[in-house]
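Here are a few notes from going through this one, in the order I would talk them over with you. Have the viewer open while you read.

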Amino acid sequence: MTTSLNRMLNAAWRARNWNGPLLLLTVGNLTLFPARVAPGLWLPALILIGGAFAALFFRRRSRKSCAAELDRLSGAGSCLEACLEVPEDHPLRERLLREAETAYRGFRPPPRLRLFPFCAGVWILSFLPFAVPVCPESPRSENRSSERSAAQTEKKAEGVADFADLALDLPEPEIRAKPLDELEWGGRGVSSRGFRSIALAVYVNGARKKELPPDESPDRKGEIRFNGYLALEEFDVKPFDLVSYHLEGTAVTADGERKILSTPQFIEVRPFREDVLTPDMLPGGLESAARAIDAYSRLSLLLETQIELNKALFSARILKSRNTPEAGKELKALYPRLCADQKSLAEELEKLLASEEGRLIPADAVNHLELSLSAMKRAIAELNGGGQ
């Protein structure tokens, strides 16, 4: 048999007989190393090594069967297998060898029949972990290591920055309620050193009214939960008023105390009775009524946009209170966007007030909208100054 055919057959024979056992032995060796310190791994390691020897003896393949497999993969009939069966001095041997060389000229065995060197190398490398000695530590060295780990843990704890956060869970972020409704509110907090105080700050149409403490305010560190009740009757609200509220807390830090805010939520006060309003019920005819409804729709959209901007502004205030480099970067990028959005909203309100639809809005409502426009312009000036 020629050298190239013989080399290919030997490589396929070694791969078929040794690849599986070598891989099992590799995994077994790698499991034996940690088993010296974790006794529970001894049994899996021994099972893997025993499986390797079982595979070596019970799945052993002969050169003839490997030749038959190569003939099947290459489509060479039985040329290579016949070359192994005929004796060296058989008159047909030369012709069979030529046919086998022709059939295998462009054939390349699949990777699984050529990976024996790789598997053998991995198996040899699996012995390297055993070169690392595992020496039992003396009691003195154990004490020193425990002291070092305790010191490192304490140093790491000192290096961790204080953290604190507050968030509202109840009620929903934006709801509608009647002037006499009493609502349950609930919140949660998390801190590294605990809170000195927690309260719910309530505003009506932007004016601060009251601070409501929770029924029970846990002062422990870690995660806490608390709740209370919000009676709208206490604030003398009227239909169409906007009530906003958020949590304010004083967190304990290594340097003293720090004020913490939550994202605000809103309640729209609705009338005691809400009838369906249709264009034919409005004065001035259907066309005028349709324009009025369009104006009110635009006002509703402006209010929703302003509420979203208020939430974004509170997010900026929360970032500012954290006083960290990461929060400073986010804050620096947030203020220009807030200013641009608030300016766009003020321009939209100014256009509505100057439009024909704006003339259909009641005079009292126009007065409130003009006050809102002035407040928007003051907010733009403050945001241009960096929110100071």
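1. Start with the strand pairing, and keep in mind that this is a predicted model. Strand β3, which covers residues 182-191, pairs with β6 in the antiparallel sense, and the pair is held over 10 bridges. If you want one contact to click on, take G186: its bridge partner in β6 is N227.

2. Now zoom out to the sheet around that pair. It is an open sheet of 3 strands, ordered β1-β3-β6, with antiparallel pairing. The edges are taken by β1 (164-170) and β6 (222-231); each has a single partner strand, so one side of each is left without a neighbour in the sheet. Going from one strand to the next, the twist averages 20 degrees.

3. Next, the core. The largest nonpolar core has 26 residues, and the ones that touch the most other members are F195, L200, V202, L230, V243, L247 and I267. Two or more residues come from each of β1, β2, β3, β4 (195-204), β6, β7 and β9 (265-269). The top contributor is β4, which gives 5 residues to this core.

4. For contrast, have a look at the phenylalanines on the outside. In soluble globular proteins, nonpolar side chains tend to be buried together. Here, though, F53, F57 and F58 make up a nonpolar patch on the surface, and together they have about 430 Å² of accessible area. Of these, F58 sits in helix α2, which runs over residues 42-58. Is F58 buried or exposed? F58 counts as exposed because its relative accessibility is 75%, and the cut-off for that label is over 50%.

5. There is a backbone detail to check just after β1. The peptide bond from L170 to P171 is cis, with omega near -15 degrees. P171 itself belongs to the loop between β1 and β2, the latter being residues 174-177. If your set-up scripts assign peptide geometry automatically, this L170 to P171 cis bond is the spot to look at.

6. One more backbone oddity: D236 is not a glycine, yet its phi is positive, at about 50 degrees. Where is D236 placed? You will find D236 in the loop between β6 and β7, where β7 spans 242-253. As for its surroundings, D236 has a relative accessible area of 57%, so it is classed as exposed.

Conventions
Residues numbered from 1 in each chain as written. Predicted model: local features only at pLDDT ≥ 70, side-chain atom pairs only at ≥ 80, totals over all residues. Heavy atoms only, no water. Patch = residues over 30% accessible without salt bridge, like charges linked within 9 Å, V, L, I, M, F, W, Y side chains within 5 Å. Areas by Shrake-Rupley, 256 points an atom, 1.4 Å probe, with all protein chains shown as cover. Salt bridge = Lys/Arg side-chain N within 4 Å of Asp/Glu carboxyl O. Helix = DSSP H or I, 4+ residues; strand = E, 2+ residues; numbered from the N terminus. Buried < 20%, exposed > 50% of the residue type's maximum accessible area, 1.4 Å probe, protein only. Pairing = 2+ DSSP bridges. Axes fitted to C-alpha atoms, helices over the stretch in contact; angles between N-to-C directions. Core = buried A, V, L, I, M, F, W, Y, C linked by side-chain atoms within 4.5 Å.
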